[in-house]
Amino acid sequence: METSRKTASWGLFVPDSEPVLTVKPGACVTVNTVSWTGATAPEGPIAYFRALGVPADQVLPELLEVAAMPRPEGSSGHVLTGPIGVEGAEPGDVLEIRVLDVSPRVPYGVNSSGPGLGVLGDLLERRTSRLLRLDPEQRFYAFGGGIEIPFRPFAGIMAVAPPTGVGAVSANPPGRWGGNMDFRDLVAGSTLYLPVFQPGGMYYTGDTHGAQGHGEVNQTAVEHSMKVTVQFFVHKGGALKFPRAENRDHVWCTGIHADLNLAMRIAAEEVVDYLVGVLGMTGVEAYRLASLVADFKVAEAVNVNKVVIAEIHKDRLRPLVGGADVPIVGRGHHRPAGSSVS
């Protein structure tokens, strides 16, 4: 699926929006995303990237198309592609998003910051941007001084439409619907689980990154346009409160709140709820185990709401399920044969 005027929007999640594409559970969808970098520049994308040393023929034409789109009041500067509806997903269900591939569309990304941005908003006196080129074998970005930043691409924004009661919300702060979580471990091979609030789920993606540290402390990562392939499944009646995720080795529970202390509390509650509700532990033993084996880290620190991730290695949990695959959500699911959509 291409990013264009028909499929893109500025950073606003709308509860009652119509899908730009509807797929069945099991479908694989490839989205050619567009980074916001340059699209929000007053001088326009071509002049912005020319100043950074990028010729006009290396600027994605879709970026110019999106840059010309009016920005609604209250939207963030992110470029979103979607929403994609998944048949059978209803409020109260869980949408499973398997990340199959994330690959670069251009050979460069940008990190930028400035006054009032990031954790140290008073550090800089002027706006600054750095172009970071990806090496030909797509292993790293050359930072300078012999420093190499490993290429580890992921989508900073993966979301479903929010509950009707909250109305249209900016894509800048993450929420229970996912969004701008900037969780760097959601690379290819990982799976994200989001609670469904609207029929079809209504999945959005964007804000793709080539590399980022946990916290994204100067406000941006290596902002890099990517091709993202995901596969959708629906878990009926999963009753998830906050996003949850996994890869081969780990389970991740999330806490999201503007107050970092409360985000930490929510993440701890989510771990206990997971261990009790999905794995069948008692509350006191779940709380005890959370203290002994869960590692808590700040994935997102700069976009109003903070994201705290609780990470548990699956090896610690396999004895609870007799050595079988560790389940992430409860109840049933739809897993028909997959199909591919581009």
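Select Arg 152, Asp 185, Lys 297 and Glu 311: in this predicted model, these four residues are linked in a network of salt bridges. Within that group, restrict the view to Lys 297 and Glu 311, whose closest N and O atoms are 2.8 Å apart in a salt bridge. The pair links distant parts of the chain, with Lys 297 in strand S18 (residues 295-303) and Glu 311 in strand S19 (residues 305-313), 14 residues apart. Glu 311 is buried, its relative accessible area being 14%.

Keep Glu 311 on display and add His 250, which touches it. His 250 belongs to strand S17, covering residues 250-257. Is His 250 buried or exposed? With a relative accessible area of 18%, His 250 is buried, because the cut-off for that class is under 20%. Leaving aside residues up to four places away in sequence, the other contacts of His 250 to select are Ala 245, Ile 312, His 313 and Lys 314.

Next, select Asp 93 and Lys 236. Their side chains meet in a salt bridge, at 2.6 Å from N to O. This pair also links distant parts of the chain, 143 residues apart. Asp 93 lies in the loop between strand S4 (76-86) and strand S5 (94-104), whereas Lys 236 lies in the loop between strand S15 (226-235) and strand S16 (244-246). Asp 93 counts as buried at 5% relative accessibility; Lys 236, at 28%, is partly exposed.

Then move to Glu 96 and Arg 98, where the side chains form a salt bridge of 2.7 Å, N to O. Which class does each partner fall into? Glu 96 is buried at 2% relative accessibility, while Arg 98 is partly exposed at 25%. A search of the whole structure finds 16 salt bridges.

Finally, zoom out to the whole protein chain, which contains 4 helices and 20 strands. The radius of gyration is 20 Å, close to the 20 Å that the globule rule gives for 342 residues, so the chain is as compact as a globular protein of that length. Along its principal axes, the C-alpha trace spans about 60 × 40 × 40 Å. Of the 342 residues, 54% count as buried. Among contacts between residues at least 6 apart in sequence, 77% join residues at least 24 apart.

Switch to a surface representation: the chain exposes about 14400 Å², and carbon and sulfur atoms supply 54% of that area. Colouring by charge picks out 29 positive and 35 negative side chains, the centres of the two sets lying 2 Å apart.

Definitions and conventions:
Residues are numbered from 1 along each chain as its sequence is written. This is a predicted model: local features need pLDDT of at least 70, side-chain atom pairs count only at pLDDT 80 or more; totals for chains, interfaces and linings use all residues. Side-chain values use heavy atoms; hydrogens and water are left out. Helices (H or I, at least four residues) and strands (E, at least two) are DSSP runs, numbered from the N terminus. Buried means under 20% relative accessible area, exposed over 50%, partly exposed in between (1.4 Å probe, protein chains only). Contact means heavy atoms within 4.5 Å. The radius of gyration is taken over C-alpha atoms; the globule rule is 2.2 Å times the number of residues to the power 0.38. Accessible areas come from the Shrake-Rupley method with a 1.4 Å probe; for residues, only the protein chains shown count as cover. Lys and Arg count as positive and Asp and Glu as negative; His and the chain ends are not counted. The place of a charge is taken as NZ of Lys, CZ of Arg, CG of Asp or CD of Glu.
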